[in-house]
Amino acid sequence: MTTQLAAHDAATADLHAPLTTKEGWRRFVEQGGATILDPATPGCPVGIEDSRLAYHSQLAVVATPAVQQITAAGRRLVVLNRQQLSARRGLIVNGAAGTGKTTAITQLGKAHELALRLRHGDHGPRMPVIYVTVPPAATPRMLVIEFARFLALPVTTRSNLTDVTEAVCAVLIDLGCELVIVDELHNLNLATRAGAEVSDQLKYFAERLPATFIYAGIDVERVGLFSGTRGRQIASRFATIATKPFGYSTAQQRDQWCSLVATLEQTLQLHQHRPGTLVNLAAHLHDRTGGMIGSLSHLLRAAAIDAIISGDEKITKTSLAAVQLDHAAEEHHATTRTGRIRRRPHVAPQTDKASAG
Ligand SMILES: Nc1ncnc2c1ncn2[C@@H]1O[C@H](COP(=O)(O)OP(=O)(O)OP(=O)(O)O)[C@@H](O)[C@H]1O
Ligand SMILES: [Mg+2]
């Protein structure tokens, strides 16, 4: 009984472990996409209703142009860097809030780790990918603790920074870490002393570890990432890929948006939903969401949950109107609807040529 409870506690802890810990990361890598249930028949038992609600509450990740480009560029860099003894090249994913940076870099990490497992089998302790975030107002010590926390290395208030750094490097080298993903880079301000020291700490890790570094953050030029001596060195070694909202001005942009809507529509598990309804509403959906994939995914999943609860079992323009979206999307919709302040047309996602490689 005690063992069962311990196992249950461990499983629950694993379920809630953040992505920035090895347990959370492993669960993320090992889970498939959102489970597609059998198209259940109307009047199905409550258990199935519950699982359909749970299904729509999960996020299905779509292989958008951003995800594809960042995964391809990142994996190519890992291969190129394997033979480099120093001055390895890296990638910075840069874009506005909510444009899919975290999704794309974590998909890159997952794809790389799964590919390695396929090639080498699941034998022995390995940790090919580590994912950490830069904490707000970070100091070098806070950053090193993030690395140690991912690895579950013990750190006490008395641990000295150099010792923890050495322990982190030793473990990562031992476990064959090839990809270091550092998110929320905008929390680092190079104009401040603490920010510059965190940047130096990252640089030290990059020199010590035979790994490819991938950074992501909001508008990283603004935090001075590419200015000064440190910045110039980063600029010379890192390619950048920009993430942007989906556009709707050119035929290619409309195609990309429509295929995103179609992909998400296909994942719906609703008994009365007529396929193609949402694709026909693509322009309206773009207006509602400002081309933000997160707002679109939330809108459709929320409308699907409403449709199951109400028994309507379909999504219509009216049912979409009942879902309140995030502030940015609602603001965008209000301005495009009245036509008072039309936003500049959006450009296609991720077309940074230097980095597309
Ligand atoms: N390829 C995708 N498929 C499905 N949903 C996506 C995809 N990319 C992003 N999203 C959704 O969009 C929302 C924002 O994505 P994400 O958190 O990756 O953006 P971000 O740029 O890292 O945001 P922030 O700047 O706030 O850190 C999330 O709800 C996410 O699930
Ligand atoms: Mg993010």
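Among contacts in the chain between residues at least 6 apart in sequence, 74% join residues at least 24 apart; two residues are in contact if their C-beta atoms, placed from the backbone, lie within 7 Å. The model is predicted, and local features need pLDDT of at least 70, side-chain atom pairs count only at pLDDT 80 or more, and totals for chains, interfaces and linings use all residues. Residues are numbered from 1 along each chain as its sequence is written, while chains are lettered from A and ligands numbered from 1 in the order in which they are written.

The chain has 16 helices and five strands. Helices (H or I, at least four residues) and strands (E, at least two) are DSSP runs, numbered from the N terminus. Of the 357 residues of the chain, 31% count as buried. A residue is buried if 20 or more other C-beta atoms lie within 10 Å of its own, exposed if 12 or fewer, and partly exposed in between, the C-beta atoms being placed from the backbone.

**The sheet**

Five strands form an open sheet in the order E2-E3-E4-E1-E5, with parallel pairing. Two strands pair if DSSP finds at least two bridges between them. Strand E2 (129-133) and strand E5 (238-243) are the edge strands, and each pairs on one side only. From one strand to the next, the twist averages 15 degrees.

Strand E2 is joined to E3 by five bridges, and the two run parallel. In this pairing Val129 stands opposite Leu179 in E3. Strand E3 (residues 179-183) is in turn joined to strand E4 (residues 212-217) by four bridges, again in the parallel sense. Here the bridge partner of Leu179 in E4 is Thr212. The chain passes from E3 through H8 to E4, and this β-α-β crossover is right-handed; the term applies if, with the strands pointing away from the viewer, the path from the first strand over the helix to the second runs clockwise. Elsewhere in the sheet, strand E1 (residues 90-95) pairs with E5 in the parallel sense over six bridges, and Leu91 has Ala239 in E5 as its bridge partner.

In a regular strand the side chains alternate between the two faces of the sheet. Strand E2 is largely enclosed by the rest of the structure, because five of its five residues are buried. On one side of E2 are Val129, Tyr131 and Thr133, on the other Ile130 and Val132, and all are buried. Strand E3 is mostly covered, with five of its five residues buried. Leu179, Ile181 and Asp183 point one way from E3, whereas Val180 and Val182 point the other way.

**Packing of two helices**

Two packed helices are described by the angle between their axes and the distance between the axes. Helix H6 (residues 140-151) packs with helix H8 (residues 193-208) at an angle of about 40 degrees, and their axes are 8 Å apart. H6 is therefore oblique to H8; angles under 35 degrees count as roughly parallel, over 145 as roughly antiparallel, 65 to 115 as roughly perpendicular and the rest as oblique. The axes are lines fitted to C-alpha atoms, for helices over the stretch in contact, and angles run from 0 to 180 degrees between N-to-C directions.

Pro140, Leu143 and Val144 in H6 meet Glu197, Val198 and Gln201 in H8. By class, this contact of H6 with H8 has four nonpolar, one polar and one charged residues. Ala, Val, Leu, Ile, Met, Phe, Trp, Tyr, Cys and Pro count as nonpolar, Asp, Glu, Lys and Arg as charged, and the others, Gly among them, as polar.

**Loop residues on either side of H6**

The table lists three loop residues and their surroundings.

| Residue | Loop | Other C-beta atoms within 10 Å |
|---|---|---|
| Ala137 | between E2 and H6 | 13, partly exposed |
| Ala152 | between H6 and H7 | 10, exposed |
| Val155 | between H6 and helix H7 (161-174) | 17, partly exposed |

Most residues other than glycine have a negative phi, and most peptide bonds are trans. Phi of Ala137, however, is near 50 degrees, a positive value in a residue other than glycine. Phi of Ala152 is near 60 degrees and is likewise positive.

Val155 touches Ile145, Ala148 and Val164, not counting residues up to four places away in sequence. Val155 and Ile145 are 10 residues apart in sequence and 7.3 Å apart in space, C-alpha to C-alpha.
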